[in-house]
Amino acid sequence: MKHQQVEKRKEGLYGIIGTLGFDCVVLVEKEGLQAIDESPESVIFDFSQVEFCSSATLALLLSWFRHAKKLGKPLSFESLPDKVCLMLDRAGLKHALLGS
């Protein structure tokens with residue numbers, strides 16, 4: 001199993017590194033929720049270093065989106081894998097989560 005993590009790059013910007021499979025997405029979710037809690041304003045998650053993602057990534061994005069919304073913090077995602085964008089589109093969630 002590859003290591004995954006949420007890495008703080010600067011205030012409000014976090015890199016997602018490694019894999020997002022069913023076996024590890026819960027750990028990444030917890031790290032992301034903590035990042036949202038600790039950020040004073042908006043939060044950006046950068047997925048450019050994600051090597052693999054499963055459909056569990058959709059649940060991860062929804063969890064973070066709901067948590068940020070509850071706290072009134074803008075949330076955005078950068079460099080989402082095409083596979084994830086396609087899944088969001090097919091699930092009817094692309095506009096809600098990505099604004100496009």
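At what angle do the axes of α1 and α2 cross? In this predicted model, they cross at roughly 20 degrees and come within 10 Å. Since angles under 35 degrees count as roughly parallel, that makes α1 roughly parallel to α2. As for handedness, α1 passes α2 in a right-handed crossing.

Now look at who does the touching. From α1 you have V25, V28, E29, G32, L33, I36 and D37, and these meet A56, L60, S63, W64, H67, A68 and L71 in α2. Sorted by class, this contact has nine nonpolar, three polar and two charged residues.

Swing over to the pairing of α2 with α3 and the geometry is another story. Here the axes come within 10 Å and cross at roughly 75 degrees, so α2 and α3 are roughly perpendicular to each other. T57, L58 and L61 of α2 make the contact with V84, M87 and L88 of α3. By class that comes to five nonpolar residues, one polar and no charged ones.

Next, the core. The largest nonpolar core holds 28 residues, and the members touching the most others are I16, F45, F47 and W64. At least two core residues come from each of β2 (13–20), α1 (25–38), β3 (43–53), α2 (56–71), β4 (75–78) and α3 (82–90). The top contributor is α2, with seven residues.

W64 is a good place to park your view. Ignoring neighbours within four places in sequence, W64 is in contact with I16, F45 and F47, and also with V28, E29, G32, L33, I36, L75 and F77. Among the α2 residues that meet α1, you'll find W64 again.

Terms used: Residues are numbered from 1 along each chain as its sequence is written. This is a predicted model: local features need pLDDT of at least 70, side-chain atom pairs count only at pLDDT 80 or more; totals for chains, interfaces and linings use all residues. Side-chain values use heavy atoms; hydrogens and water are left out. A nonpolar core is a set of buried Ala, Val, Leu, Ile, Met, Phe, Trp, Tyr and Cys residues joined through side-chain atoms within 4.5 Å. Buried means under 20% relative accessible area, exposed over 50%, partly exposed in between (1.4 Å probe, protein chains only). Helices (H or I, at least four residues) and strands (E, at least two) are DSSP runs, numbered from the N terminus. Contact means heavy atoms within 4.5 Å. Axes are lines fitted to C-alpha atoms, for helices over the stretch in contact, and angles run from 0 to 180 degrees between N-to-C directions. Angles under 35 degrees count as roughly parallel, over 145 as roughly antiparallel, 65 to 115 as roughly perpendicular and the rest as oblique. Ala, Val, Leu, Ile, Met, Phe, Trp, Tyr, Cys and Pro count as nonpolar, Asp, Glu, Lys and Arg as charged, and the others, Gly among them, as polar. A crossing is left-handed if the near helix is turned anticlockwise from the far one by less than a right angle, and right-handed if clockwise.
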